[in-house]
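Let's take a walk through this structure together, one piece at a time. Have the sequence and the 3D view ready.

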Amino acid sequence: MTPGSERQPEPWAHHGIATLADGRLVTFAPDNSRMQIKDPGGRLLAERPTAAVTAHGVTVAFGDDGGELLWVADTGSGPRPDGHGGYFPWYAPGHGRALALRLDGSVARELGLPPLSVYESQRFEPTAVLPLPAFDQIWVADGYGAGLVHRYATSGDYLGTAPASHDAAFCCPHAMVQFADKVLIADRENNRLVIVDPEGRFVRTFADGLRRPSCLALRRDAVVVGELSASVALLDFDGRVMRRFGADETTTERPSWPNALDRDGLTIAPPRGAEGGFNSPHAVAVDHAGQIHVVEWLIGGRHLRFDPDDALPPALL
């Protein structure tokens, strides 16, 4: 790097996105802690600080007063600039957290650390929180920690682990969504989606052979799957892939993926592909018009929107 050309390192985005009841979107700034409210066109309407360190998974629910809450899996971790043009793994003291935030950014609730001996020696690092009011439960996937799925009563009382996650059955349960009267889990590093019943018991594999499925949303008659390995897939309700968008086998082979390297060997945000393809989908949401919103895991963050019924490439918001 030539003298005087030093740049301010950008934060590495690692957050989620969800759709509010009125059609607005809620997501986070690339620093992963500032809540952002946007319209479906990507226009920023409000930005609020929160207590989250890394708002990894975000799910909208309703509180006892009828107001919307945002359940957040706060991993309390993430890459930080190393001062030499690269990034290093960073962890906040203690464990990650499962938080419910009000839309003003304040904390409404927090679930307790699972009372298990594994967390005496291993970090609790949740990746997704799924409120299940029909089952009177809240589930938490510890994707970056012990690989367990935890079940809480809506009251916050700990109910135990989902039996389907015992014996290292999951390798990074990264996302969850309610699917009719069951739960669909993205078992990312096993490249599959699995269906689990309300008691946490394994029902069946819904789909396998995927490309590191990281995020889930429902759209009309399809399951939207954001695949970290540079694609978004639409599956029918029988688990068959109907269409895949943005897939490019060479993307993940790029040095320093999901980022890129400049001519000086410094880590930078990657350019968009020539066809407007995806780089590293980390979270997805479907707006009221059926458009799919994707936020990507990379330096500086990237928010894209596309309509799978159109031929247009994803638009950068």
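In this predicted model, look for an open sheet built from four strands, which sit in the order 16-17-18-19 and pair in the antiparallel sense. Sheets like this are held together in a familiar way: the strands pair through backbone hydrogen bonds, either parallel or antiparallel. The two edges belong to strand 16, covering 173-179, and strand 19, covering 202-208, and each of those pairs on one side only. If you tilt the view, you may notice that the strands aren't lined up perfectly: on average, neighbours in this sheet are turned by 25 degrees against each other, direction ignored.

Now zoom in on one edge of that sheet. Strand 16 teams up with strand 17, residues 182-187, in an antiparallel pairing that runs over six bridges. For a landmark, find V177, which stands opposite L184 in strand 17.

Next, go a little back along the chain to another pair of strands. How many residues lie between strand 14 and strand 15 in their hairpin? There are four, and within that turn G156 has a positive phi of about 105 degrees. Strand 14 takes in residues 149-153 and strand 15 takes in residues 158-161, and the two pair in the antiparallel sense over three bridges. Here the handy landmark is H150, which stands opposite T161 in strand 15.

Time for a jump towards the start of the chain. T19 belongs to strand 2, made of residues 17-19. What does T19 touch, leaving out residues up to four places away in sequence? Its contacts are R24, L25, V60, A285, V286, D287 and H288, so you'll find numbers from well apart in the sequence meeting here. One of these partners deserves a closer look: a polar atom of the T19 side chain lies 2.9 Å from the backbone oxygen of V286.

Finally, let's check the cysteines. A disulfide is a covalent bond between the sulfur atoms of two cysteines, and this structure holds zero of them. Take C172: the nearest cysteine sulfur belongs to C171 and is 6.9 Å away, while a disulfide would need the two sulfurs within 2.5 Å. Is C172 buried or exposed? Its relative accessibility is 9%, so C172 counts as buried. C215 is in no disulfide either, and its nearest cysteine sulfur, that of C172, is 12 Å away. With a relative accessible area of 4%, C215 is buried too.

Note on methods: Residues are numbered from 1 along each chain as its sequence is written. This is a predicted model: local features need pLDDT of at least 70, side-chain atom pairs count only at pLDDT 80 or more; totals for chains, interfaces and linings use all residues. Side-chain values use heavy atoms; hydrogens and water are left out. Two strands pair if DSSP finds at least two bridges between them. Axes are lines fitted to C-alpha atoms, for helices over the stretch in contact, and angles run from 0 to 180 degrees between N-to-C directions. A polar contact is a pair of N or O atoms within 3.5 Å; within protein, one must be able to donate a hydrogen and the other to accept it, and residues adjacent in sequence count only if both atoms are side-chain atoms. Contact means heavy atoms within 4.5 Å. Buried means under 20% relative accessible area, exposed over 50%, partly exposed in between (1.4 Å probe, protein chains only).
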